[in-house]
Amino acid sequence: MRTTPVIGEPTPTPSPWTLVWSDEFESETLHPQNWLFDKGAGGWGNNELQYYSNRPENIRIEDGVLIIEARNEEYTAWEYTSARIKTHYLQSWTYGRIEARMKLPVGGKGIWPAFWMLGDNIATVRWPNCGEIDIMENIGNPTVVYGSVHGPGYSVEMRSQSPLSVQWICRLIFTSTLSNGRPTRSAGTSMINSTTPCVMNRYRVNGCLIIRLILNLAVGGNWPGYPDETTVFPQQLLVDYVRVYQAGAAS
């Protein structure tokens, strides 16, 4: 059991949300029923520089906290390594409240942590038809996070800024009326909520958009740019928990 939280105390969950799934990262290794590793390199569609591995150097659990670590090291002909995990084929949901408590990397040019979702039908309809919701992305400045939604011919991006630097609770209220990432800030909490009609509701499986979760720490890419002499390595994304709530899931 964790003796001392590294990222502050959890925020109580308000009614009517009921916890339906979580990973508290209390075991020694990742639960194979919750997460798969995305492994490999090649830019991942964004001209990124890292090789994603499943090595403990890049991803591990310590004292109840998931650590995703980006390193500047030569590995299979790539200059950087990191990790990316997903719930694809294992865990997916139709709407709800998605929450993670995390500590962002210290920042620097070319550092790109993300907590995001893709439609579970990506293998058949491909991106962007599957839909994408970015709950939290950060590109070098740990006091600013971005939330966005992408679909065919549709992209909305908003940002939230906090004076509490790298300590964040990132939430998204994802309902059938979700339209975009609309961040607001309250007491150092990054809130991404929305309640207006959503183009993504047209891209659903059996009437509902089924989503899966992704956590990763990228190095470089079209959006954040690329590391330079000021970028310090290693960089770490720390995740205390990931939780999924649904309304009316239990009495």
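# Exercises on a predicted model

At 48% relative accessibility, Thr-76 counts as partly exposed. Keep this residue in mind as you work through the exercises. The structure is a predicted model, and each solution goes step by step.

**Exercise 1. Decide whether Thr-76, Ala-77 and Pro-142 are buried, partly exposed or exposed.**

Step 1. Recall the cut-offs: buried means under 20% relative accessible area, exposed means over 50%, and partly exposed lies in between.

Step 2. Thr-76 has 48% relative accessibility, so it is partly exposed. Find Thr-76 in the loop between β5 and β6.

Step 3. Ala-77 has a relative accessible area of 74%, so it is exposed. Ala-77, too, lies in the loop between β5 and β6.

Step 4. Pro-142 has 11% relative accessibility, so it counts as buried. Look for Pro-142 in the loop between β10 and β11. Its C-alpha atom is separated by 8.9 Å from that of Lys-103, a residue 39 positions away along the chain.

**Exercise 2. Find what is notable about the backbone at Thr-76, Ala-77 and Pro-234.**

Step 1. Start with phi at Thr-76: the angle is positive, about 45 degrees, although the residue is not a glycine.

Step 2. Ala-77 is not a glycine either, and has a positive phi of about 75 degrees.

Step 3. Now move to the loop between β16 and β17, where Pro-234 has its place. The peptide bond that joins Phe-233 and Pro-234 is cis, with omega about 0 degrees.

**Exercise 3. Describe the largest nonpolar core and say which elements build it.**

Step 1. Begin with the general idea: in soluble globular proteins, nonpolar side chains tend to be buried together.

Step 2. Count the members: the largest nonpolar core has 35 residues. Those with the most contacts inside this core are Leu-66, Met-102, Phe-115, Leu-213, Leu-215 and Val-242.

Step 3. Turn to the elements. Among those that give two or more residues to this core are β5 (65-75), β8 (96-103), β9 (111-119), β16 (211-219) and β17 (235-247). The largest share, 5 residues, comes from β16.

Step 4. Look for a second, separate core: this one has 6 residues, including Trp-116, Leu-118, Ile-122 and Ile-214.

**Exercise 4. Work out how β8 is placed in the fold.**

Step 1. Check its cover: 7 of the 8 residues of β8 are buried.

Step 2. Find a partner: β8 and β17 run antiparallel and are joined by 7 bridges.

Step 3. Pick out one pair of residues: Glu-99 stands opposite Arg-243 in β17.

**Exercise 5. Which residues are closest to the centre of the largest pocket?**

Step 1. Note the volume of the largest pocket, about 470 Å³.

Step 2. The pocket is lined by 21 residues, and those closest to its centre are Asn-46, Trp-112, Trp-116, Glu-132 and Glu-137.

Step 3. Sort the lining by element: β9, β10, β11 and β16 each give two or more residues. The largest share, 4 residues, comes from β9.

Step 4. Link back to Exercise 3: Trp-116 also belongs to the second core.

**Exercise 6. Sum up the whole protein in numbers.**

Step 1. Count the elements: there are 1 helix and 17 strands.

Step 2. Take the buried share: 52% of the 251 residues.

Step 3. Consider contacts with a separation of 6 or more: 69% are between residues 24 or more positions apart.

Step 4. Finish with the surface: the protein exposes about 11,200 Å², and carbon and sulfur atoms supply 50% of it.

How values were computed. Residues numbered from 1 in each chain as written. Predicted model: local features only at pLDDT ≥ 70, side-chain atom pairs only at ≥ 80, totals over all residues. Heavy atoms only, no water. Core = buried A, V, L, I, M, F, W, Y, C linked by side-chain atoms within 4.5 Å. Buried < 20%, exposed > 50% of the residue type's maximum accessible area, 1.4 Å probe, protein only. Pairing = 2+ DSSP bridges. Contact = heavy atoms within 4.5 Å. Areas by Shrake-Rupley, 256 points an atom, 1.4 Å probe, with all protein chains shown as cover. 1 Å grid on protein atoms, 1.4 Å probe; cavity = no way out; pocket = protein on both sides within 12 Å on 5 of 7 lines; lining within 4 Å. Points joined across faces, edges and corners; volume = space filled by probe spheres on them.
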